[in-house]
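Subject: Structure handover

Hello,

Here is the structure I promised to pass on. Please open it, then read my notes below with the view beside you.

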Amino acid sequence: MATNKLTGKDLRHIGYPEGKIIGLALQAIEDGYKGKNRKVKLDLLKKVYQYPHNYVKDQVVGAVAQALLTPAEDSGRIALNKQRKDYPIYGEAGIEEGAKHQMNVAMKLPVTVGGALMPDAHQGYGLPIGGVLATENAVIPYGVGVDIGCRMCMTFYDLPTAHLTERNDQLRKMLIDNTRFGQATFQRPKDDGVLERPEFQEIKVVRDLKDRAYKQIGSSGGGNHFVEFGVVDVVDTDNEFGVPVGKYLAVLSHSGSRGLGANIAAHYTRIAKSVCKLPDEAKHLAWLDLDSEAGQEYWRAMNLAGDYASACHHQIHERLGKALGEAPLAMVENHHNFAWKEQDADGNEIIVHRKGATPAGKGVLGIIPGSMTAPGFIVRGRGGVASINSASHGAGRVMSRRKAKQSITQQEVTNALKQAKVTLIGSGLDEAPMAYKDIREVMRQQEDLVDIVGTFQPRIVRMCGPNEVWR
């Protein structure tokens with residue numbers, strides 16, 4: 001049954017910061033505009049948020065406006081800068097207000113030296129997904145994200161692309177036999193050198209996670225993670241792979257550091273929040289000084305999680321290469337949800353957080369996927385200073401998972417798969433193609449940031465869920 005009541009999520013979506021202000025606004029609007037429809041109430045609160053000075057004397061929302069204009073008083077907290085640093089927004093028309101508000105807050109941090117918002121951006125925790133933030137000698141665990149080192153990895157093979165239709169059943173079985181998603185793991189995980197890293201002995205939180213990391217190695221997460229067969233079309237004659245332009249059968253995977261990265265993120269976020277107390281609207285942006293013991297420890301743990309994620313992908317591709325009976329012609333991979341030590345235009349060291357953003361330094365290769373029915377792109381970075389050497393990490397969501405489940409039908413997804421000639425195993429309505437932005441438009445919005453080396457068209461897609469084919 002539909003309701004006219006607003007929720008905290010509605011207000012966060014239009015930019016309201018976390019904290020008491022949300023409760024105050026909900027109470028005021030429900031008391032003063034009881035019986036009015038959601039749109040009327042939401043439009044008013046959006047105007048109050050954007051222009052609080054105009055509503056200070058309003059009988060209904062005056063207290064909300066005043067609270068927005070009054071900074072939180074807490075002598076134990078670190079104050080944000082009054083003025084935010086400027087930053088570019090790519091594809092701004094398609095980015096929700098909540099994501100822009102989160103980026104605006106991040107640009108007021110005392111440690112911030114620069115930032116950018118990619119065209120696939122949407123609201124997250126702390127830094128928005130698609131947010132790029134450069135800091136001075138500080139790392140923000142939630143600026144990196146929960147799925148540390150989440151990656152794209154592609155291998156392509158000298159095999160006829162006709163296999164994708166003529167041997168569809170065989171390739172589908174290869175994906176089912178050689179991949180695991182979510183809680184599922186291999187009965188006999190493959191060993192890997194990353195599990196012998198000294199961090200597993202020297203950092204307690206990591207040491208406690210080693211057994212779990214071993215059990216999950218070579219597997220993929222849930223959500224938007226996938227392994228798929230498709231067609232790579234190499235269009236750049238001067239490509240780094242040394243292969244002729246043309247079409248090749250390829251494997252593309254997307255996943256991260258599993259439980260290892262998630263637990264590292266949770267542990268060091270708690271530490272950061274305990275030592276770096278920020279106003280409520282910025283509390284998820286708490287940082288660790290890289291000169292501190294905790295900061296150095298997190299940095300080592302983060303890099304371990306990134307290497308572990310890479311090892312998971314390599315095992316996925318090794319298993320599928322063996323099943324195909326072929327050695328790959330080339331491999332290309334990149335990661336996001338990570339922080340890098342880089343240099344700015346003046347040669348100063350900066351810490352660049354890319355939460356759902358692809359490294360795009362000059363000559364750096366990366367992969368920007370679309371949806372399960374839309375093409376992905378192999379790209380070469382152009383080294384854009386304004387974007388802090390970054391590009392989008394995908395198409396970006398146009399609707400939340402909840403909204404997708406409520407508004408998209410299975411038949412609509414089935415029709416979209418049939419039209420795109422895609423076979424889908426697993427997944428749910430929250431990953432439906434129509435839940436994502438148009439990847440071609442996203443690429444147009446960042447054509448100054450990357451050059452296109454090739455495209456990838458999915459044909460057989462495996463995601464988290466039952467081993468059932470959508471028909």
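In which sense do strands E9 and E10 pair, and over how many bridges? The two strands pair in the antiparallel sense, over six bridges. Please keep in mind that this is a predicted model.

**Strand E10 and its partners**

Start with E10, which covers residues 349-355. Six of its seven residues are buried, so the strand is largely enclosed by the rest of the structure. On one pairing, its partner is E9, residues 338-343. There, Gln343 has Glu349 of E10 as its bridge partner. E9 and E10 form a hairpin with five residues between the strands. Look at Gly347 in that hairpin: its phi is positive, near 85 degrees.

E10 also pairs with E2, residues 129-135. This pairing is antiparallel too, over five bridges. Find Thr135 and look across: Ile351 in E10 stands opposite.

**Two asparagines with positive phi**

Next, go to Asn137. This residue sits in the loop between E2 and strand E3 (138-139). Its phi is near 55 degrees, a positive value in a residue other than glycine. Is Asn137 buried or exposed? Neither label fits: Asn137 is partly exposed, with a relative accessible area of 27%.

Now try Asn389. Its loop runs between strand E13 (376-381) and strand E14 (390-392). Here phi is near 55 degrees, again positive in a residue other than glycine. Asn389 is partly exposed, at a relative accessible area of 23%.

**Helix H12**

H12 spans residues 258-275. Does the length add up? The helix has 18 residues, and at 1.5 Å a residue they should span 26 Å. The end C-alpha atoms are 27 Å apart, which agrees. Which residues of H12 are buried? They are Arg258, Gly259, Leu260, Gly261, Ile264, Ala265, Tyr268, Thr269 and Ala272. Colour them and turn the helix around.

**Asp430**

Last stop: the loop between strand E15 (423-425) and helix H16 (439-444), where Asp430 lies. Its relative accessibility is 13%, and the cut-off for buried is under 20%, so Asp430 counts as buried. What is it in contact with, leaving aside neighbours within four places in sequence? Asp430 is in contact with Arg397, Arg401, Ala404, Lys405 and Ala435.

Over to you.

Best wishes

Methods: Residues are numbered from 1 along each chain as its sequence is written. This is a predicted model: local features need pLDDT of at least 70, side-chain atom pairs count only at pLDDT 80 or more; totals for chains, interfaces and linings use all residues. Side-chain values use heavy atoms; hydrogens and water are left out. Helices (H or I, at least four residues) and strands (E, at least two) are DSSP runs, numbered from the N terminus. The expected span of a helix is 1.5 Å times one less than its number of residues. Buried means under 20% relative accessible area, exposed over 50%, partly exposed in between (1.4 Å probe, protein chains only). Two strands pair if DSSP finds at least two bridges between them. Contact means heavy atoms within 4.5 Å.
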